[in-house]
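Reader: I would like a close look at a single part of this model, with the surroundings added where they help. Please keep the answer plain.

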Amino acid sequence: MVTTAIASVTLENAADRLKDAIRAAFIELLPPDQWKAMVETELRRFMSSSRDTYSNNGKPSAFSELCEGVFREYVKAELKAMLATPEWQQQWSADGKQLLSDAVKDWLTRHQQELVISTVQALAGQAAQSVLSTLQFQR
């Protein structure tokens with residue numbers, strides 16, 4: 001079941017699996033504790049939605065870029081594998097209407113509050129920005 005696959009990907013086990021892949025490039029140059037702390041820091045940064053991508057202050061380190069690439073490929077592969085399972089595939093009724101699978105219905109039900117909040121926030125933000133722009137250009 002998909003929830004088991006998602007539940008098994010925790011910050012700790014993802015960091016352990018990714019640490020081994022990245023570590024090959026550094027060939028044991030760092031003590032294990034320092035290495036683990038560095039990988040966990042980068043994984044938290046990668047998973048964080050609060051990164052400052054607007055101002056693009058500073059250039060990330062080579063280590064950060066390396067981690068980002070490995071994390072990105074890992075996440076893409078995991079998502080691709082998960083979404084290729086039957087419970088996430090499109091389903092059609094006998095009369096040709098598209099149906100939601102049980103996995104998609106379950107996910108939507110579990111996340112409906114976050115989906116509504118993020119949608120309303122996005123719409124309200126766009127509306128507020130539109131009003132501000134209109135007011136600024138009417139001066």
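Is Arg72 buried, partly exposed or exposed, and what is its relative accessible area?

Author: The model is a predicted one. In it, Arg72 is partly exposed, because its relative accessible area is 38%, and the range for that class runs between 20% and 50%.

The partner of Arg72 is Glu68. The side chains of these two residues meet in a salt bridge, with N to O at 2.6 Å. The pair is also listed as a polar contact between side chains, again at 2.6 Å. Glu68 has its place in helix H4. Arg72 and Glu68 are four residues apart in that helix, so about one helical turn separates them. The two ends of the bridge fall into separate classes of accessibility: Glu68 has a relative accessible area of 13% and therefore counts as buried, the cut-off being under 20%, while Arg72, at 38%, is partly exposed.

Helix H4 spans residues 62-83 and holds a second salt bridge. Here Lys76 pairs with Glu73, and the closest N and O atoms are 3.8 Å apart. Both residues lie in helix H4, with a spacing of three residues, or about one turn of the helix. Lys76 has a relative accessible area of 49%, so it is classed as partly exposed; exposed would require over 50%.

The same helix also contributes to the nonpolar interior. The largest nonpolar core has 12 residues, among them Phe63, Cys67, Phe71 and Tyr74. Helix H4 is one of the elements that give two or more residues to this core, together with helix H2 (11-26) and helix H3 (32-47). Other members of the core include Leu18, Ile22, Trp35, Val39, Leu43 and Phe46.

Phe71 comes directly before Arg72 in the numbering, and its contacts show how this part of the chain meets the core. With neighbours within four places in sequence set aside, Phe71 is in contact with Leu18, Ile22, Val39, Glu42, Leu43 and Phe46. Of these, Leu18, Ile22, Val39, Leu43 and Phe46 belong to the largest nonpolar core, as does Phe71 itself.

The structure holds three salt bridges, and the remaining one is in helix H5. The side chains of Arg110 and Asp106 meet there at 2.3 Å, N to O. Arg110 and Asp106 are four residues apart in helix H5, about one turn of the helix. Arg110 is partly exposed, because its relative accessible area is 41%, and Asp106, at 33%, is therefore counted as partly exposed too.

Helix H5 covers residues 102-137 and includes Leu108. Leu108 has a relative accessible area of 32%, so it is partly exposed. With Leu100, Trp107 and Leu115, Leu108 makes a nonpolar surface patch of about 300 Å².

For the wider setting, the protein chain has five helices and two strands. Along the sequence these follow the pattern α-α-α-α-β-β-α. Buried residues, Glu68 being one of them, make up 16% of the 139 residues. Of the contacts with a separation of 6 or more, 51% come from residues 24 or more positions apart. The accessible surface comes to about 10,700 Å², and carbon and sulfur atoms account for 60% of it.

Key. Predicted model: local features only at pLDDT ≥ 70, side-chain atom pairs only at ≥ 80, totals over all residues. Heavy atoms only, no water. Core = buried A, V, L, I, M, F, W, Y, C linked by side-chain atoms within 4.5 Å. Buried < 20%, exposed > 50% of the residue type's maximum accessible area, 1.4 Å probe, protein only. Contact = heavy atoms within 4.5 Å. Polar contact = N/O pair within 3.5 Å; in protein donor to acceptor, adjacent residues only side chain to side chain. Areas by Shrake-Rupley, 256 points an atom, 1.4 Å probe, with all protein chains shown as cover. Patch = residues over 30% accessible without salt bridge, like charges linked within 9 Å, V, L, I, M, F, W, Y side chains within 5 Å. Salt bridge = Lys/Arg side-chain N within 4 Å of Asp/Glu carboxyl O.
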